[in-house]
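Visitor: Please take me through this structure by its elements and their contacts. I should like the terms explained as they arise.

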Amino acid sequence: MKVYKICDVKIAIDTNKEIDFLKGFEDVSPFDLKVDFIADKVLLENRIREVLSNYLPHHNGFLLHSAGLLIDDMAFLLCGGTGSGKTHFVRLYEELSMGDEIMGVRKIGDKFWAYSTPFGGEFPAKNNIKAEIEKVIILQKNKRPEKLKKDKALWEILKNVIIFKNDKITSQKLLDILKEFIEVVDVYEGTPFVIP
Amino acid sequence: MKEHLSLSPDTVIKRSENIAWQKFEDKVFIITPDDSMLHMLNETGTRIWEIIEKPKKISEIVEEILKEYDVTKEKAEQSVKRFISELIKKGICEISA
C-alpha cells in the first residue's frame, strides 16, 4: 500500500507495481481515499481521475482540463480543447509549468488554489505544487485577451471541468463551487502571450 | 423519438428531480448526472424555468409568457411547446402524472 497526495487529498493505492506517473506525489500521512488495484497504468490513472473528480466537489474543488503556469508564485490556468495551444504554451514556458493537461482547483479560506496533478499530457507535473489562482484564460488564437462576462465565463469553465458519471448531489456541489469560483476568479478569452 | 411529443395546453410539466442546477445572473446552468451532460438556458428559457418552479400546465406557462413578452398567443404556445419538448427529451423536465 502506497499513499499519495494529489490536490491535498490523500489516496492509498494497493498495488505492487511501480507507478512512475505518480512520482513526486508521494506522501506518508494517513489516507482518505483508496483506489483499487489496477495493474494497467492508463486504467489506474483514469480511476484516480474519476475518484478525484467525484470527491473534490464535496470538498470545495474540481478538476479542470487546463494547463497551469506558475508566474511570480501565482497560477495562470490555460483552458481549451485539443489544438487550442495548451501544450504549446507549456513547451514555451516549460520551467514555469504546473502541468499541461489537468489541474486541480480547490477553495481554501476565501481563495482558490490550483494544484498540479500527475495526469499527463506531454508535460505532466513533476512536482506536487499548489498556488493561488491569478486568472484563467480560455485560449483562442489571434485574439487579444478580453475579460469574459461572468455567465459566459461560467459556461466556458463548465465545459472544461472533468466530469465522470456521478450523482445529483455531486453535480449540485460542483455547480455551487463553480459559481463561487466565477465570482472570485477572472476569466479571460484570447491569446495570453506573444509567441516568440 | 420524443421530438414530437404531443403536449396539450392541459399537460402539466415539472422539473425532473434527478438534475443539478444553478442560476447565475440571468441564465440557468444544468447538469443531468445520468449522462453527465451540461446545459445552459438563455434568458427566456430561464424565465420558463422559474415559472415551472412548481408543476404548471402548458397553458399557464404560455399565459405568463404573454404577460411578459410582446408575442402572439399562437407563437408563444408554439415556442413553449418546442422548448418544453426539448427539455423533456434531455431529461430536464417531465410530464407530471
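Guide: Two strands pair if DSSP finds at least two bridges between them. Helices (H or I, at least four residues) and strands (E, at least two) are themselves DSSP runs, numbered from the N terminus. The model is predicted: local features need pLDDT of at least 70 and side-chain atom pairs count only at pLDDT 80 or more, while totals for chains, interfaces and linings use all residues. Residues are numbered from 1 along each chain as its sequence is written, and chains are lettered from A and ligands numbered from 1 in the order in which they are written.

Visitor: In β2(A), which residue is the bridge partner of V3(A)?

Guide: Strands β1(A) and β2(A), the latter covering residues 9–13, run antiparallel and are joined by five bridges. Within this pairing, the β2(A) partner of V3(A) is A12(A).

Visitor: In what order do the three strands of the open sheet with mixed pairing stand in chain A?

Guide: The edge strands are β1 (2–6) and β3 (33–35) of chain A, each pairing on one side only. From one strand to the next, the twist averages 35 degrees. The open sheet has mixed pairing, and its order in chain A is β1-β2-β3.

Visitor: At about what angle to β3(A) does helix α1 of chain A run?

Guide: Axes are lines fitted to C-alpha atoms, for helices over the stretch in contact, and angles run from 0 to 180 degrees between N-to-C directions. Helix α1 (residues 41–55) of chain A lies across β1, β2 and β3 of that chain, and its angle to β3(A) is about 155 degrees.

Visitor: Which residue of β11(A) is the bridge partner of E146(A)?

Guide: Strand β11 (residues 186–190) of chain A runs parallel to β9 (residues 130–139) of chain A, with five bridges between them; there I137(A) is partnered by Y188(A). With β10 (residues 146–147) of chain A, β11(A) pairs in the antiparallel sense over two bridges. In that second pairing, E146(A) is partnered by E189(A).

Visitor: How do the elements of chain B run from the N terminus on?

Guide: Chain B contains three helices and six strands. Read from the N terminus, the elements follow the succession β-β-β-β-α-β-α-α-β.

Visitor: Which residue of β6(B) stands opposite R15(B)?

Guide: Three strands of chain B form an open antiparallel sheet in the order β5-β1-β6, with β5 (56–57) and β6 (93–95) as the edge strands. Strand β1 (residues 12–15) of chain B is joined to β5(B) by two bridges; V12(B) stands opposite K57(B), and I13(B) has K56(B) as its bridge partner. Between β1(B) and β6(B) there are three bridges, again antiparallel. Opposite R15(B) in β6(B) stands C93(B).

Visitor: Why are α2(B) and α3(B) classed as oblique to each other?

Guide: The axes of helix α2 (residues 58–68) and helix α3 (residues 73–89) of chain B come within 9 Å and cross at roughly 125 degrees. Angles under 35 degrees count as roughly parallel, over 145 as roughly antiparallel, 65 to 115 as roughly perpendicular and the rest as oblique. The relation of α2(B) to α3(B) is therefore oblique.

Visitor: How many residues of the contact of α2(B) with α3(B) are nonpolar?

Guide: Residues are in contact if their C-beta atoms, placed from the backbone, lie within 7 Å. The contact includes I58(B) and I61(B) of α2(B) and K73(B) and A76(B) of α3(B). Ala, Val, Leu, Ile, Met, Phe, Trp, Tyr, Cys and Pro count as nonpolar, Asp, Glu, Lys and Arg as charged, and the others, Gly among them, as polar. In this contact three residues are charged and none is polar, while the number of nonpolar residues is eight.

Visitor: Which strand supplies the largest share of the side of chain B that touches chain A?

Guide: Chain B places 14 residues in contact with 17 residues of chain A. Strands β2 (20–24), β3 (27–32) and β4 (37–41) of chain B each supply at least two residues of that side of chain B. By class, the side comprises nine nonpolar, three polar and two charged residues. The largest share, four residues, comes from β2(B).

Definitions and conventions
Two residues are in contact if their C-beta atoms, placed from the backbone, lie within 7 Å.
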